[in-house]
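Q: I'd like to learn how to read a structure like this one, feature by feature. Can we go through it together?

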Amino acid sequence: MAVTDVAIEKIKQMIVSGELSPGDRLPREADLAERLGLSRSSLREAVRALSLIHVLDVRQGDGTYVTSLSPNLLLDAMAFVVDFHRDDTVLHFLEVRRIIEPAAAAMAAVQMTDDAIQKLEQIMAPLGPDTGVEELVTSDLEFHRLIAEGSGNPVLCSLVESLSGPTHRARVWRGLTQEAAVARTLAEHRAIVEAIRARQPDVARSWATVHVAGVEQWLREALTA
């Protein structure tokens, strides 16, 4: 392993073992380097790398702290990596969405509050057959985010948000080229909301699967045409 990787691993073990907890301040650089048997330069590189993925927070003039380590904070790094996807990987993202979003919808049917369900309905209220594709896709992103949030699982919510962006262009493309795509999307959204409001997790899961699979199937056919 490279020296910096060794330094990263040693700091990671301090956190995993509980020696350092969220919000704790790291020992002074010189003391920590001596204790871990590292050069100060390799320790500095490790701290810089861990701060980039939001494990550590370097505060100028105050010191270095362990972050809250909350899922949404740590998964920001994954969202950054996801942004580098290529068009030919969009199907892979849709496949993953087809796995996790139905689970989110099923959990939301059990966990989501009535107020949150009302927000879903408010998002859909102004949308109709004449809605533009960009407006629909923007609404779609928020629709799925709220459902994931309603699942009550912050990790799942962060994953859904991270995976939604890469499929944005595919959804716009589908809306522009596939007949009745807007009407179909709205109908599927309404079916998902109705299942969640009725507290029917299996039905919500099924409609969410149909919804995401429809985009996936269309894209497969479009790429092979």
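Q: How many helices and strands does the protein chain have?
A: Start by listing the elements. In this predicted model, the protein chain has 12 helices and two strands. Read from the N terminus, three helices come before the two strands, and the rest of the run is helical.

Q: What share of the contacts in the protein chain links residues 24 or more positions apart?
A: Here you look at sequence separation. Of the contacts with a separation of 6 or more, 72% are between residues 24 or more positions apart. As for burial, 41% of the 225 residues are buried.

Q: What does the accessible surface come to, and how much of it belongs to carbon and sulfur atoms?
A: Take the total, then split it by atom type. The protein chain shows about 12,100 Å² of accessible surface, and carbon and sulfur atoms hold 55% of that.

Q: Which residues form a nonpolar patch on the surface?
A: That would be V203, W207 and V210, with about 230 Å² of accessible area together. V210 sits in helix α12, which spans residues 201-224.

Q: Why is V210 called partly exposed?
A: You check the relative accessible area against the cut-offs: partly exposed lies between 20% and 50%. V210 gets that label because its relative accessible area is 41%.

Q: Which residues lie nearest the centre of the largest pocket?
A: For a pocket, ask about volume, then lining. This one has a volume of about 360 Å³. Its lining counts 19 residues, with E29, V47, V58, G63 and T64 nearest the centre.

Q: Which element gives the largest share of that lining?
A: Helix α3 does, with six residues. At least two residues each come from α2 (29-36), α3 (40-52), β1 (56-59) and β2 (63-66).

How values were computed: Residues numbered from 1 in each chain as written. Predicted model: local features only at pLDDT ≥ 70, side-chain atom pairs only at ≥ 80, totals over all residues. Heavy atoms only, no water. Helix = DSSP H or I, 4+ residues; strand = E, 2+ residues; numbered from the N terminus. Buried < 20%, exposed > 50% of the residue type's maximum accessible area, 1.4 Å probe, protein only. Contact = heavy atoms within 4.5 Å. Areas by Shrake-Rupley, 256 points an atom, 1.4 Å probe, with all protein chains shown as cover. Patch = residues over 30% accessible without salt bridge, like charges linked within 9 Å, V, L, I, M, F, W, Y side chains within 5 Å. Salt bridge = Lys/Arg side-chain N within 4 Å of Asp/Glu carboxyl O. 1 Å grid on protein atoms, 1.4 Å probe; cavity = no way out; pocket = protein on both sides within 12 Å on 5 of 7 lines; lining within 4 Å. Points joined across faces, edges and corners; volume = space filled by probe spheres on them.
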